[in-house]
Each structure stands twice: as C-alpha cells, then as structure tokens.
Amino acid sequence: MPEYVHGYSGREAERLSDQARTLAELIHHDTVFPGNSLVLEAGCGTGAQTVIVAPKNPRSQFISVDISESSLSQAKKQAAEAGIANVEFRAADIFHLDFPDAMFDHIMVCFVLEHLPDPNAALLLLKRVLKPGGSITLIEGDHGSAYFYPRSDEANAAINAQVVLQAAAGGNALIGRELYPLLTHAGFRDCRVSPRMVYADSSRPEMVEGFTKNTFTAMIEGVRENAIAAGIIQAAVFDQGIAGLYRSAEPDGVFCYTFFKGIGIN
Ligand SMILES: C[S@@+](CC[C@H](N)C(=O)[O-])C[C@H]1O[C@@H](n2cnc3c(N)ncnc32)[C@H](O)[C@@H]1O
C-alpha cells in the first residue's frame, strides 16, 4: 500500500468529516443515483462522504470499501450512529478487487485517486466491475487552484511542500485538472467535469471556519513535520506560510479553492 500522506490520525478523521460537511452541498447536491442502484464507493475512508451520500440515495444499496481496517471501523461506527442501513462496509484494495465483472450500477471515488501511484490503472480495474452504461463519479481537489488574499509567498511555499511530499509518496495533489484526461484515457464515454469552487470570506463564516481553517489549512499544517524532515521547506518558512493561510481567514481575508467532479459512462 502506498504511504497515505495525511496519515490515519484522529485529527485527520476529524478533518475529513469537517471537509465533507462543509462541502456537502457544493459537491454532493447532485450525487443522486437512480433508485435501486448498487453503488461501489471505492476508498470510503472513515465514511465522511458515505454518511452524506447514502441518505440521499435511500433506495440504493452501497458497498463501501477501503484498504484501511481502522478507517473502516470508524466508518461503520459513524454510519451506525447516523442510522444508515443501506451501506455494507468491506475491506478491499482497489488494485485487487474480487467482485465479479459488471457487478455495480455506479461507482463513486472521492479524494482517493490523488493518493494512488497509478490512477489510470485504478480506473481500468474499477471499470471492470462497472456495468455497461453505468457511471463512475470522481471527485478530487487540485492544490494549484488555491489562491487567497492577502497574497503570501510563504503560504504558497507551504502548499507546494504538501504537493512535493504527496508526489514523493506516489500521489498527485494537482490531480483535479486531470480528471477529464483520466476518464477519457480509461475509455469512459460522455465524460463531463464540473469545477466546484469554494469561495470563503467573512460574509460566509461557515466556509471560513469549515474550509479555510479546518479543512485546507489543517491539511497543510498536518504535513509540517514530514515536509521539514524531508528537507522540502524550512520550519520558519512553513510556519510563516501557515500564518499566511490563517491570515486569509481574518475579516478582510479571502480564500478560494476548486474541486473537480468528473463523471464518465462505461
Ligand atoms: C483522503 S482519504 C478519502 C476518504 C473518503 N473518500 C473521504 O472523502 O472522506 C483516502 C482513502 O483512500 C484509501 N485508499 C488508498 N489506497 C487505497 C486502495 N488501494 N484501495 C482502497 N482504498 C485505498 C485510504 O485508506 C483512505 O481512506
């Protein structure tokens, strides 16, 4: 298994839940599958997306898989607490799925491809278990889309440190812009990508708290030790960068970031 750049800590689970709640409407208002679908959620993690998407699709059944047993047990707990009964959680590796061919009506993959060394291979393996005519939905961010006021070279350097670290672990924090080529290269048809922009200023305090601070800045902060230890950035620059990101969450600050949601048909 490739190293997961964000780790599996409690803080990371909380960050993923914050992210999912804050972005629920922006990303998932249209994550609605036809009734009676069987949906594979690949890389469900702690279930942060599952608990949003499964209740929106009460007439469909979900099989949500992840490679991490500890994340899966948190996912099961979250889903049980939310009273969700249409999801079966299973341990599975996207690169070694043992489902029969064409088992699923639809597949959803959220914030997973960015961590995989070979996302194209993953899409081809997922395609095998998708019915002809079924859809795959990919959701990813792209750290190159982060811009903010006031500008800060140190904040850009801290974000870039995360990009470099993720690349060193075999991932790609700039993958959002690649969803269309990834979908088409994997042979999906009728591919459509819709950019979903997060815009946060103090007139939208829930976005400032939930996204600028608790999602994006928390994620960059989380790589501090590894980025410094790897010699990618100096501690003082990194810390100034984090201060720069928090500065954009102040009353006169602005933060923008774009997620990409891509859908292709098998
Ligand atoms: C950033 S988390 C996203 C989790 C969830 N989709 C969400 O949005 O909250 C990425 C997840 O991908 C999982 N993952 C990474 N490689 C995988 C693989 N080969 N097969 C299955 N899951 C994998 C990790 O264990 C982790 O839970």
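This is a short dialogue on reading strands, burial and cores in a predicted model.

Colleague: What should I know about the numbering and the model before I start?

Modeller: Residues are numbered from 1 along each chain as its sequence is written. The model is predicted, and local features need pLDDT of at least 70, side-chain atom pairs count only at pLDDT 80 or more, while totals for chains, interfaces and linings use all residues.

Colleague: Is strand 1 enclosed, and how many of its residues are buried?

Modeller: A residue is buried if 20 or more other C-beta atoms, placed from the backbone, lie within 10 Å of its own, exposed if 12 or fewer, and partly exposed in between. Strands (E, at least two residues) and helices (H or I, at least four) are DSSP runs, numbered from the N terminus. Four of the five residues of strand 1 (residues 38-42) are buried, so the strand is largely enclosed by the rest of the structure.

Colleague: Which strands does strand 1 run parallel to?

Modeller: Two strands pair if DSSP finds at least two bridges between them. Strand 1 runs parallel to strand 2, with five bridges, and also parallel to strand 4 (residues 104-110), with three bridges. Leu 40 stands opposite Ile 63 in strand 2, and its bridge partner in strand 4 is Ile 107.

Colleague: Is Pro 58 buried or exposed?

Modeller: Pro 58 has 10 C-beta neighbours inside 10 Å and therefore counts as exposed; Pro 58 is found in the loop between helix 2 (50-56) and strand 2 (61-66). From Pro 58 to Ser 71 there are 13 residues in sequence and 23 Å in space, C-alpha to C-alpha.
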